[in-house]
Number of protein chains: 2
Amino acid sequence: MTQYEPFFSRAGQTMRESAIRKMGAVLAQARDMISFAPGYPAEDAFAWEAFAEIARELLSGEDGSVLQYGPTRGYKPLRDFIAGLMQERHITAAASSVVVTTGSQQGLDLLARVLFDPEDVVLVELPSYTGAITAFRSVGASLVGVRQNPDGIDLDELDETIVRLRGEGRRVKALYVVPNFQNPTGLLLGAAKRPRLAEWAETRNVLVIEDDPYRDLYFPDVASERDTRPIAADDSHGRVIYLSSFSKTLAPGFRVAWLHAPEPIAAKLEIAKQAEDLCSGGLDQRVVYEACRRGILAKNLPRLREHYQHKRDVMVKALHQHLAGKLTWPEPRGGFFLWAKLSGSLQTDALLARARERGVIFVAGSAFFVDGSGAQHLRLSFSAPPPDRIEEGVARLAAAVSDASAQAGEAATHAGSR
Amino acid sequence: MTQYEPFFSRAGQTMRESAIRKMGAVLAQARDMISFAPGYPAEDAFAWEAFAEIARELLSGEDGSVLQYGPTRGYKPLRDFIAGLMQERHITAAASSVVVTTGSQQGLDLLARVLFDPEDVVLVELPSYTGAITAFRSVGASLVGVRQNPDGIDLDELDETIVRLRGEGRRVKALYVVPNFQNPTGLLLGAAKRPRLAEWAETRNVLVIEDDPYRDLYFPDVASERDTRPIAADDSHGRVIYLSSFSKTLAPGFRVAWLHAPEPIAAKLEIAKQAEDLCSGGLDQRVVYEACRRGILAKNLPRLREHYQHKRDVMVKALHQHLAGKLTWPEPRGGFFLWAKLSGSLQTDALLARARERGVIFVAGSAFFVDGSGAQHLRLSFSAPPPDRIEEGVARLAAAVSDASAQAGEAATHAGSR
């Protein structure tokens, strides 16, 4: 038998499966499993009719380039539209510096390849998005976490961290941050902190990677567009690389996202993308562009905000009803996630095993912490399941907490009796 | 102004644009340019009507998962179909070891990341496909070329090369080979050489990366399915990683290709793909699957063979008419490419500049040689332009050859007069 281990690269040897994707696989296999795990958008909120109509027109064959190879940076009219979208977000953007990516995951991966060598340091929030952690680690970068306050990353600790690391001779190249309805915490970065971060990047000669997929999905009862002003909007020194996506607002199956970077970086990203997949899907980019151009995206957003706000209400109400005193959480003001912490000594890994038995899954918090902490946290996505399933899922979760607590109690009793 | 150079990784610093993609950009900007450059399939041969009908059904909204995130290895029914397709190609394939990729370019890139460290050696044909060269070099691998005979790679030189390199202490991990209608030469690997390559891989403890996008596009007048038997068909030791694609037979805009690898390698590729783009496009995979399931692909293939065979005829006839004695080439027996060599001392870089002035482009041969040779070769793609444009393009090319020869003659005269 051929031994394959000796053939793997160092990167290949150290690769580990993502906790979120693993939960996706669990979900695919199980019957009647309620999933609070992957942050999937709600399929019934997609603009199906508009997409069908657009696809029918695009596939008439009149314009053959729809299904041909396309430019690596993306379909030009879409890039122009994206530049306009960024202007609406208060960012001075050039269409020429927009790179369309095969989902934002590719954007993060391309940045990792173009920017980071093994041992380079990337600063991330504690906790942070696992997809970014995976992409940055895949090139061997070291991730160092910075604590978050209720209004996002702690700027004092951030600055102390970079000073300390550089004092130790480490090369710190970038800060990765999700400013709006962060994955996994749902937190919103405070308004005053945003321009300060842009200035800090200039002062400390570092890049900011701003990942902003959820900004359009603020919940009108507690947040507004004004709260979501990007860091890039106040970047006058070309320090901020901005990523956003159509996955949460149109549909993830199109795999269409983008990044905007200073031109010297965008040029490198384009070459890296040539090597990675030549170009993103032609039909997908056209459908997304037409949905934008025809106002489908803009028209859909208020509906989506109501949709996810309602689901947050349902989850929060059910949590109060079933798990009051056993879980605590900051109330989500937008996005897909509720970030909960277990009271007492119960840990989420143990809870997850019981939860699966009860027919509900979530992502254990430790996946999001680069410092090995987070053992009592869990990320609950309320975005995909319908309201009655959210209620049922929380009831199951409460039963699982009881199971796990009883088991822990028994274990403690056993330990005590010996 | 922010200086970005210090932020680039070593990989980022050394990235260079692909010659083929660059020609694509030239094409996009120019009016009335005839392109023999990128190997684009013919858009008028796509199954537009069938795609439109399939998309209409898929976008009814009945099955929400069509536009949702999907499994990283790909849509399960498509993977099952692909396993069947591989059986038809005489390969014992397991659907579980199939990974759907965002074009074969991603397959090559994933392999590079999972298998190759800087300084690892990959053996390639002289000349070889630039996309593979780019992907392998992006992780720092060293590429060493092996000469081709009219029936493909020279097995004696191949074995001498690996023995020599290992004698020098180099780590040779894999051979990359395009056995059918190779890009760029159009050559077909001899039938007897195929099983010998599989055995050689076992003997020398090396992997074979078999890239097979053109095999269905043999030209019935001079080739048949029997000539295209994959190396993987005779691989009894798990040495061959097999890649193929729907880009040339359905459409590249879907970005749907696949690879089949021994399970330990497939598992690593899946994790690498998680980091790279999470999953390939959902709608794209479904359209491709339905086109397969409904027999659109199978029905279309004989038509495609006739289509490209006819275009080859047109190009070959025009070359005989306009460039007899000035160019030589092996007659393509399938695929998209005619690989030509200039007679005399004229070089293709000089010719390309004149050709652009005359309104025709191609890819200069040197892009395909990892050893710096190929200065008199050019790759002419006959796949995309309609027949009358092929004729006109060859006439322009002939004019450009005259221009370049005259210029070279003048230069020689000037040199002589001094």
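These are my notebook entries on a predicted model, covering its two chains, one sheet and one helix pair.

**Entry: the two copies.** I started with how chain B relates to chain A. A rotation of 180° with 0.0 Å of shift along its axis lays chain B on chain A, at an RMSD of 0.0 Å. The two copies are thus related as by a two-fold rotation axis. I then looked up the interface: 100% of the interface residues of chain B are also interface residues in chain A, so the copies meet through the same surface.

**Entry: a sheet in chain A.** Next I traced an open sheet of four strands in chain A, and I read its order as 10-11-14-13, with antiparallel pairing. At its edges I found strand 10 (327–328) and strand 13 (363–364) of chain A, each pairing on one side only. Strand 13 of chain A joins strand 14 (residues 377–381) of chain A in the antiparallel sense over two bridges. There I noted Ala364(A) opposite Leu378(A) of strand 14 of chain A. What packs on this sheet? I found helix 12 (residues 348–358) of chain A, which touches strand 11 (337–342), strand 13 and strand 14 of chain A. Its direction makes about 45° with that of strand 14 of chain A.

**Entry: a helix pair in chain A.** Last, I turned to helix 4 (residues 76–88) and helix 10 (residues 282–293) of chain A, which pack at an angle of about 45° with their axes 9 Å apart. That angle makes helix 4 of chain A oblique to helix 10 of chain A. I logged the crossing of these two helices of chain A as left-handed. Helix 4 of chain A brings Pro77(A), Leu78(A) and Phe81(A) to the contact, while helix 10 of chain A brings Gln285(A), Val288(A), Tyr289(A), Cys292(A) and Arg293(A). I sorted the residues of this contact into six nonpolar, one polar and one charged.

Technical notes. Residues are numbered from 1 along each chain as its sequence is written. Chains are lettered from A and ligands numbered from 1 in the order in which they are written. This is a predicted model: local features need pLDDT of at least 70, side-chain atom pairs count only at pLDDT 80 or more; totals for chains, interfaces and linings use all residues. Side-chain values use heavy atoms; hydrogens and water are left out. Copies are superposed by least squares on the C-alpha atoms of residues with pLDDT of at least 70 in both. Contact means heavy atoms within 4.5 Å. Two strands pair if DSSP finds at least two bridges between them. Axes are lines fitted to C-alpha atoms, for helices over the stretch in contact, and angles run from 0 to 180 degrees between N-to-C directions. Angles under 35 degrees count as roughly parallel, over 145 as roughly antiparallel, 65 to 115 as roughly perpendicular and the rest as oblique. A crossing is left-handed if the near helix is turned anticlockwise from the far one by less than a right angle, and right-handed if clockwise. Ala, Val, Leu, Ile, Met, Phe, Trp, Tyr, Cys and Pro count as nonpolar, Asp, Glu, Lys and Arg as charged, and the others, Gly among them, as polar.
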